[in-house]
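Please open the structure in your viewer and keep the selection tool at hand. The tour below proceeds stop by stop, stating at each one what to select and what is found there.

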Amino acid sequence: MFSDSSVGFIASLITAVLVLAGLIVMIRKLNRSNMRMLQFMTESIDAIGEGIVVFDRQDRVALVNPRYSKMMRSNQPAVAKKSRFIGKVSHELRTPLTVINGYIACLVKAAERAAEGADPDRNVAQIKAHGARIQSAASHMRRIVEDLLDWSNNERGRLVMDRAPFAMDALLRDVTDDFRMEIERKGLVLETAIGGAQVMGDRARLKQVICNLLSNALRFTDAGRIVVTLASDRDEVRMAVADTGIGVAPQDHARIFETFHQVDNSDARTYGGLGLGLAIVAEIVRQHGGRIQVDSDLGTGAVMTLRLPTHA
Ligand SMILES: Nc1ncnc2c1ncn2[C@@H]1O[C@H](COP(=O)(O)OP(=O)(O)OP(=O)(O)O)[C@@H](O)[C@H]1O
Ligand SMILES: [Mg+2]
């Protein structure tokens, strides 16, 4: 059926295909083993860096130190917690950064329009509004970075407090006034009953405490009111921030003062935040010889009460 020459041609074609297939398999194998070798080398370098490997007498890499591999295995939850935390920090920083980026672009456009001389009043008003938004996002970023620094200083036992007498009532009035506009913009009512109170301590740190409590009350309240009170007697200064927000279930009362504990800790968290605020608050209050407690239940709002020793 086939001539000799066509049989010869088919035979050489089959041989060529087989040789080519063989070559492809060889190259892939080589690549795979090269990749494995490369991966092994990278892992070994990492392992040496982390002190996980041990060497034999000829300076060859011996077995992976079983003590370290056990430690690494038992460290898995801490490692997972750390990556989760880094994810949260990146997310929290990205939000204000996006705002800053967006409004800088708007600002540049408005400035260009102003330079062209068209509708100067409108352009100046827009430049001011964009500037204010950039400033507020930058302050948000600064607060996140400051919280992170405080947390890391506290971990190393370096969160130090000043000690000087000051009027807590004046401080509380100042801070609530700073929050008033934001609270009212959200449609909430701010009520205050601030009596005179003298304390001994670090004014800036106690300002941070008040800011944290007010910012939580604002974030976790969608309707109703925020009530700030301050009263003192011979022994004790009592400050409370009460809200009508989502509240905290009793089983979470102690844990919300722990670092990173957030009642909603899911990836799709509605309220954002890092879960550092109350842990820092609790440490500052502790260093002032005071205490803080939460009274709340789910859906009934929350009352945060701070008690500090009175300074005569
Ligand atoms: N007023 C409040 N109402 C309801 N839940 C609250 C209130 N204050 C705190 N919480 C709960 O306690 C958790 C811990 O609060 P904390 O201030 O430490 O962290 P955060 O506000 O989530 O983040 P950060 O303060 O670091 O920005 C919050 O995530 C929230 O679940
Ligand atoms: Mg907070």
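**First stop: Gly-245.** Select Gly-245, which has a relative accessible area of 9% and therefore counts as buried. The model shown is a predicted one. Gly-245 belongs to the loop between β7 (236-243) and α7. Now add Ala-302 to the selection: although 57 residues separate Gly-245 and Ala-302 along the chain, their C-alpha atoms are 6.8 Å apart. Which residues is Gly-245 in contact with, leaving aside its neighbours within four places in sequence? They are Phe-220, Thr-221, Gly-299, Thr-300 and Gly-301.

**Second stop: Phe-220 and Tyr-271.** Keep Phe-220 from the previous selection and add Tyr-271. A pair of aromatic rings is described by the distance of the centres and the angle of the planes. By the rule used for this model, the count comes to four aromatic pairs. In the pair of Phe-220 and Tyr-271, the ring centres are 4.9 Å apart and the planes stand at 50°, so the pair is classed as tilted. The pair joins distant parts of the chain: Phe-220 is in the loop between α6 and β6 (225-232), while Tyr-271 is in the loop between β7 and α7, 51 residues away. Are these two residues buried, exposed or partly exposed? Phe-220 has a relative accessibility of 26% and therefore counts as partly exposed. Tyr-271, at 26% relative accessibility, counts as partly exposed as well.

**Third stop: Phe-260 and its cluster.** Select Phe-260, which is placed in the loop between β7 and α7. Together with Phe-85 and Trp-151, Phe-260 forms a cluster linked by ring pairs. Phe-260 counts as buried because its relative accessible area is 17%, and buried means under 20%. Inspect the backbone here too: Phe-260 is not a glycine, yet it has a positive phi of about 70°.

**Fourth stop: Val-241.** Move to strand β7 and select Val-241, which is placed in that strand. Its relative accessibility is 2%, so Val-241 counts as buried. Add Val-227 and compare the two positions: the residues are 14 apart in sequence, and their C-alpha atoms are 5.8 Å apart in space. Not counting residues up to four places away in sequence, Val-241 touches Leu-213, Leu-214, Ala-217, Ile-226, Val-227, Ala-302, Val-303 and Met-304. Ala-302, which was selected at the first stop with Gly-245, thus appears again among the residues that Val-241 touches.

**Fifth stop: helix α7.** Select residues 277-287, which make up α7. How many of its eleven residues are buried? Eight of them are, and the helix is mostly covered. The buried residues are Gly-277, Leu-278, Ala-279, Ile-280, Val-281, Glu-283, Ile-284 and Val-285. To see what these residues pack against, display α4 (120-155), α6, β8 (291-296) and β9 (302-309). Just after α7, select Gly-289, which takes a positive phi of about 75°.

**Sixth stop: ligand 1.** Select ligand 1 and show the 20 residues around it; those that come nearest are Asn-216, Gln-262, Gly-275, Leu-276 and Leu-278. Leu-278 is also one of the buried residues of α7. The residues of the shell divide into nine nonpolar, eight polar and three charged. Three distances may now be inspected in turn.

- Arg-143: a polar side-chain atom lies 3.3 Å from an oxygen atom of the ligand.
- Asp-243: a polar side-chain atom lies 2.9 Å from a nitrogen atom of the ligand.
- Leu-274: a backbone N or O atom lies 3.1 Å from an oxygen atom of the ligand.

Taken alone, ligand 1 exposes 590 Å², and the protein buries 96% of that area. Two elements give two or more residues to the shell around the ligand, namely α6 (203-219) and α7 (277-287).

**Last stop: the whole chain.** Clear the selection and display the entire chain, which has seven helices and nine strands. Of its 312 residues, 31% count as buried. The accessible surface of the chain comes to about 20,000 Å², and 59% of this surface belongs to carbon and sulfur atoms. Among contacts in the chain with a separation of 6 or more, 68% are between residues 24 or more positions apart.

Technical notes: Residues are numbered from 1 along each chain as its sequence is written. Chains are lettered from A and ligands numbered from 1 in the order in which they are written. This is a predicted model: local features need pLDDT of at least 70, side-chain atom pairs count only at pLDDT 80 or more; totals for chains, interfaces and linings use all residues. Side-chain values use heavy atoms; hydrogens and water are left out. A residue is near a molecule or strand if one of its heavy atoms lies within 4 Å of it. A polar contact is a pair of N or O atoms within 3.5 Å; within protein, one must be able to donate a hydrogen and the other to accept it, and residues adjacent in sequence count only if both atoms are side-chain atoms. Accessible areas come from the Shrake-Rupley method with a 1.4 Å probe; for residues, only the protein chains shown count as cover. Helices (H or I, at least four residues) and strands (E, at least two) are DSSP runs, numbered from the N terminus. Ala, Val, Leu, Ile, Met, Phe, Trp, Tyr, Cys and Pro count as nonpolar, Asp, Glu, Lys and Arg as charged, and the others, Gly among them, as polar. Buried means under 20% relative accessible area, exposed over 50%, partly exposed in between (1.4 Å probe, protein chains only). Contact means heavy atoms within 4.5 Å. Rings of Phe, Tyr and Trp (its six-membered ring) pair if their centres lie within 6.5 Å; planes under 30 degrees apart count as stacked, over 60 as edge-to-face and the rest as tilted.
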